[in-house]
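Me: I would like a close look at a single part of this structure, set carefully against the whole to which it belongs. Please take your time and keep the answer connected.

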Amino acid sequence: MEDILVRKGLITNHNRQYKSDILISGGKIKNIGKELIPDDKNIRIIDASGHIVLPGGVDPHVHMSLPTGNGRSSDDFESGSIAALSGGTTTLIDFVTPEKGESLHSALAKRKNEAGNSLCDYSLHMSVTSIGPETEKEIFEMVKNEGITSFKLYMAYKGSIGMNDPEILKAMEMIKKAGGISMIHCENGDIEDFLREKMVSSGNTGIRNYPESRPPEMEIDAINRAILFSGITRCPLYIVHLTTEQGIDSVLKAKKKGISVFAETCPHYLTLDDSVYGKGKKAAKYLMSPPLRKVHDISRLWDGLNDGTLEVISTDHCPFNSKGENYSGPDDFSAIPKGVGGVDHRMSLIYSKGVVEKKISIHRFVNLVSTRPAKIFGLYPQKGAIMKGSDADLVIWDPNRKSKITAESQHQNCDSSVYENFKITGAPSKVIAGGKIVFEDGNFDLTRAKGNYIYRKR
Ligand SMILES: [Zn+2]
């Protein structure tokens, strides 16, 4: 493996920024210092002056090749990881989703098989979708033997992968005992079923009505219950895709009480509001759950990111094809798969809308897209930091590069983008993953990219 010397970049971690050289060897950061002199004359030298050097992004919430009633999400691990790398994200955490009653081990084996063609490093969260006689033992074995320390529980989707409150409490108790963390999809599933059935039976299923089928109260109620359960079981709680102003209030209150609660939001909730659903059929591409919210929610989410109440920005990357401008399907939210893409634009969007527009600092940005997710999910300091001994996952970031997002030019495998025509400032000029330059000035070197399954710590 070729050694690399990154010269004169502005190294930017979550807490510090300084100009220095970085020596990369054997896939690791071997040394950091001023004016490093390489022993090997054949070393590849990258001049990073005028650039920021960031730790590779960690996106802890993606769904590649997710099976749904309407087919799989359009990115598999290969195309999705290419998209991730092109945007500076070098580690992905996806999910294993066993069917109710299925063994966690056998579901994991199947999912690892699907994830094997990932071109960037990846790990998996385990979903617990039912409680059986083996569940406690299996959760324990996931943590101890498989490097899986986080467990997803769904308060919604009770008919398929969701669980009721007594089951969620039991699962949290088991996760706590095993030393893991729970991740909860916080939407009240009973209200969802009730409203959807009511709207379907009255023929009220136009895309413009979608937000009405999943009102903010559905999330707020579920967040409050999840926090209550976390307080009772003492199981650490990570709230996925938080979208509402009142949700942030609840997290803040819980943190003040000393409850171990973390929360993430996603780029689409920070940049788009629910007025897009008024576009009729063309709004099909904006269907995701929870739905987009109001402008006041967006500004509160940014405040929450700035003050640390929200600690992670993930994408919940889960695109589906045929939802673009020429969408010709039904104007019926109940018939269209929910999910949007974003894994390639997460870092640029948040840098541009957050750092450039002065809503968050550059250090907060690094924390949100890399360091905090690495710490919360047991990857730090292997990932999430530019430190001696860490994996050589680095982004040579051009803070001034201007670009426009279009479905046509994106790397994810999807025929639409919810960010179509968004103008952004800041993008990777080079991406180094596992000590190899895999993306350079818009071009991939796929022969160099190779993802590994990463075992995580508690
Ligand atoms: Zn998700």
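Reply: In this structure, the mean positions of the 60 positive and 57 negative charges of the protein lie 5 Å apart, and the model behind that value is a predicted one. The surface that the protein exposes comes to about 17400 Å², of which carbon and sulfur atoms supply 49%, while 62% of the 458 residues count as buried. Along its principal axes the C-alpha trace spans about 70 × 50 × 40 Å, and the radius of gyration of 21 Å agrees with the value near 23 Å that a compact globule of 458 residues would have. Among contacts between residues at least 6 apart in sequence, 76% join residues at least 24 apart.

Within a secondary structure of twelve helices and 19 strands, the part to look at closely is helix α7, which runs over residues 216-233. Because a helix of these 18 residues, at 1.5 Å a residue, should span 26 Å, the separation of 26 Å between its end C-alpha atoms agrees with expectation. As for its side chains, an α-helix has 3.6 residues a turn, so residues three or four places apart point the same way. The buried residues of α7 are M218, E219, I220, A222, I223, R225, A226, I227, F229, S230 and T233, a list that includes the charged residues E219 and R225. Just after α7, R234 takes a positive phi of about 60°.

Conventions. Residues are numbered from 1 along each chain as its sequence is written. This is a predicted model: local features need pLDDT of at least 70, side-chain atom pairs count only at pLDDT 80 or more; totals for chains, interfaces and linings use all residues. Side-chain values use heavy atoms; hydrogens and water are left out. Helices (H or I, at least four residues) and strands (E, at least two) are DSSP runs, numbered from the N terminus. The expected span of a helix is 1.5 Å times one less than its number of residues. Buried means under 20% relative accessible area, exposed over 50%, partly exposed in between (1.4 Å probe, protein chains only). The radius of gyration is taken over C-alpha atoms; the globule rule is 2.2 Å times the number of residues to the power 0.38. Contact means heavy atoms within 4.5 Å. Accessible areas come from the Shrake-Rupley method with a 1.4 Å probe; for residues, only the protein chains shown count as cover. The place of a charge is taken as NZ of Lys, CZ of Arg, CG of Asp or CD of Glu.
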